[in-house]
Amino acid sequence: MPRSKFIIQRLIGYLTGFLLFYEPFMLFHNLTGTLFEETGFYSLHVPCVRIPLANILTGDWAYAGPVSLCFCLLLALVSLWFGPFFCGRLCPAGAFSEFLGSLLPEKYQIDWQKYVPITTLRYGFFAGFLLSAFSGFASFCAYCNYYAFELFIISIYSSQLLLTSFSLLAVFFIANIVFGLFTKGGRGYCNFLCPVGTASSLLHRIGQLLPSPFKMTVNKPACIGCGKCARSCPMRTISLKQGKAVIDTNRCIVCGCCQAQCPVQAIRYKSNITKEL
Ligand code: SF4
Ligand code: SF4
Ligand code: SF4
């Protein structure tokens, strides 16, 4: 696919994500809310699996709410069969930090995987996130970029600064400046901290045990080891081993950047049987 067409396709995806999940449109919330006759305050928090998960684990199903539960169910099903599609094709929070990461030359940016075991930290943080479901609702929210990003977006269109708490300002700075602008690929928050992304990746891994799930696959005989895919990967999840590209599906968000960059079309998004999307 020509690069310009790929970029336009990605932009349309993130714009769709914005229309579906962000104020003032919130089409997903409004449609499912109408369908299930749920009224009340909707927020960007719908993609957050923590509160519904906490409700489910503590037996408070009734409080999880149909809008959140619908989103979590859809996210789980799509992640099982198609991978973290929400992260790679729809989520504006991830796209925003990736965009910031594209603004600086790479020589000023950090390649975290050289210094820390990203996958271990990612799943370790996620385990803490799940355990926190038993220890009260609010503690994690004070350190969540999702919440901070939501307030940032509302601040823009309401012309009111809503990021007033120190912890949320610090989180917004770390997620978007340290892990965005100054991180290679720009997706440090997605890599290290985001529970939605980690849950999607985990389901993507589990999905590989099912018949015909989709994933990014390298055709090794065709790969010429140029490394363009690794440099274009916003999650920095591709390495070269013995001159061939290897994708770590623990962190791949199926964004398609590697596929669009490969000069010999050695990367395909396809099921483990035969099909290709
Ligand atoms: S990991 Fe989180 S912030 Fe990043 S794209 Fe996925 S849902 Fe969005
Ligand atoms: S491996 Fe490819 S599809 Fe997966 S995150 Fe990296 S660039 Fe995107
Ligand atoms: S861009 Fe293509 S040819 Fe180059 S290393 Fe990646 S998969 Fe191999």
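The shell around ligand 3 consists of ten nonpolar, three polar and one charged residues. In this predicted model, ligand 3 is surrounded by 14 residues, and Cys-223, Cys-226, Cys-229, Ala-245 and Cys-262 are the closest of them. The protein chain has a mean pLDDT of 86, with 86% of its residues at 70 or more.

**Ligand 3 and ligand 2**

- Cys-229, one of the closest residues to ligand 3, is also among the residues that touch the most other members of the largest nonpolar core.
- Around ligand 2 there are 15 residues, of which Cys-233, Cys-252, Cys-255, Cys-257 and Cys-258 come nearest.
- The ligand 2 shell has eleven nonpolar and four polar residues, and no charged ones.
- Cys-258 is listed both among the residues nearest to ligand 2 and among those with the most contacts to other members of the largest nonpolar core.

**Ligand 1**

- Ligand 1 has around it Phe-86, Cys-87, Cys-91, Ala-93 and Gly-94, together with Tyr-189, Cys-190, Cys-194, Val-196 and Gly-197.
- Four helices each contribute at least two residues to this shell: α6 (85-90), α7 (92-101), α12 (188-192) and α13 (195-207).
- By class, the ligand 1 shell holds eight nonpolar residues, two polar ones and no charged ones.

**Nonpolar core and helix α5**

- The largest nonpolar core has 52 residues, and those touching the most other members are Ala-148, Tyr-189, Cys-229, Ile-253, Val-254 and Cys-258.
- Helix α5 gives the most to this core, namely six residues.
- Domain 1 (3-207) and domain 2 (215-271) each provide at least three residues of this core.
- Tyr-189 belongs to the shell of ligand 1 and is one of the core residues with the most contacts to other members.
- Helix α5 covers residues 66-82, 17 residues in total, and spans 23 Å between its first and last C-alpha, close to the 24 Å expected at 1.5 Å a residue.
- The buried residues of α5 include Val-67, Ser-68, Cys-70 and Phe-71; Cys-72, Leu-75, Ser-79 and Phe-82 of this helix are buried as well.
- Gly-83 follows α5 and has a positive phi, near 90°.

**Backbone angles in two loops**

- Most residues other than glycine have a negative phi.
- Arg-236 is not a glycine, yet has a positive phi of about 50°; this residue lies in the loop between α14 (228-232) and β2 (238-241).
- Arg-236 counts as buried because 23 other C-beta atoms lie within 10 Å, and the cut-off for burial is 20 or more.
- Gln-242, also not a glycine, has a positive phi of about 50° and sits in the loop between β2 and β3.
- Gln-242 counts as exposed because 7 other C-beta atoms lie within 10 Å, and the cut-off for exposure is 12 or fewer.

**Strand β1**

- Met-216 is in strand β1 (residues 214-218).
- Since Met-216 has 24 C-beta neighbours inside 10 Å, this residue counts as buried.
- Met-216 and Tyr-269 are separated by 53 residues in sequence, while their C-alpha atoms are 4.4 Å apart in space.

**Confidence**

- Within the protein chain, strand β3 (residues 244-247) has the highest confidence, at 97, and helix α4 (residues 61-64) has the lowest, at a mean of 63.
- Predicted coordinates should not be read in detail where pLDDT is low.

Key
Residues numbered from 1 in each chain as written. Chains lettered and ligands numbered in written order. Predicted model: local features only at pLDDT ≥ 70, side-chain atom pairs only at ≥ 80, totals over all residues. Near = placed C-beta within 6 Å. Nonpolar A, V, L, I, M, F, W, Y, C, P; charged D, E, K, R; others polar. Expected span 1.5 Å × (residues − 1). pLDDT = per-residue confidence, 0-100. Core = buried A, V, L, I, M, F, W, Y, C linked by C-beta atoms within 7 Å. Domains from an automatic or database assignment.
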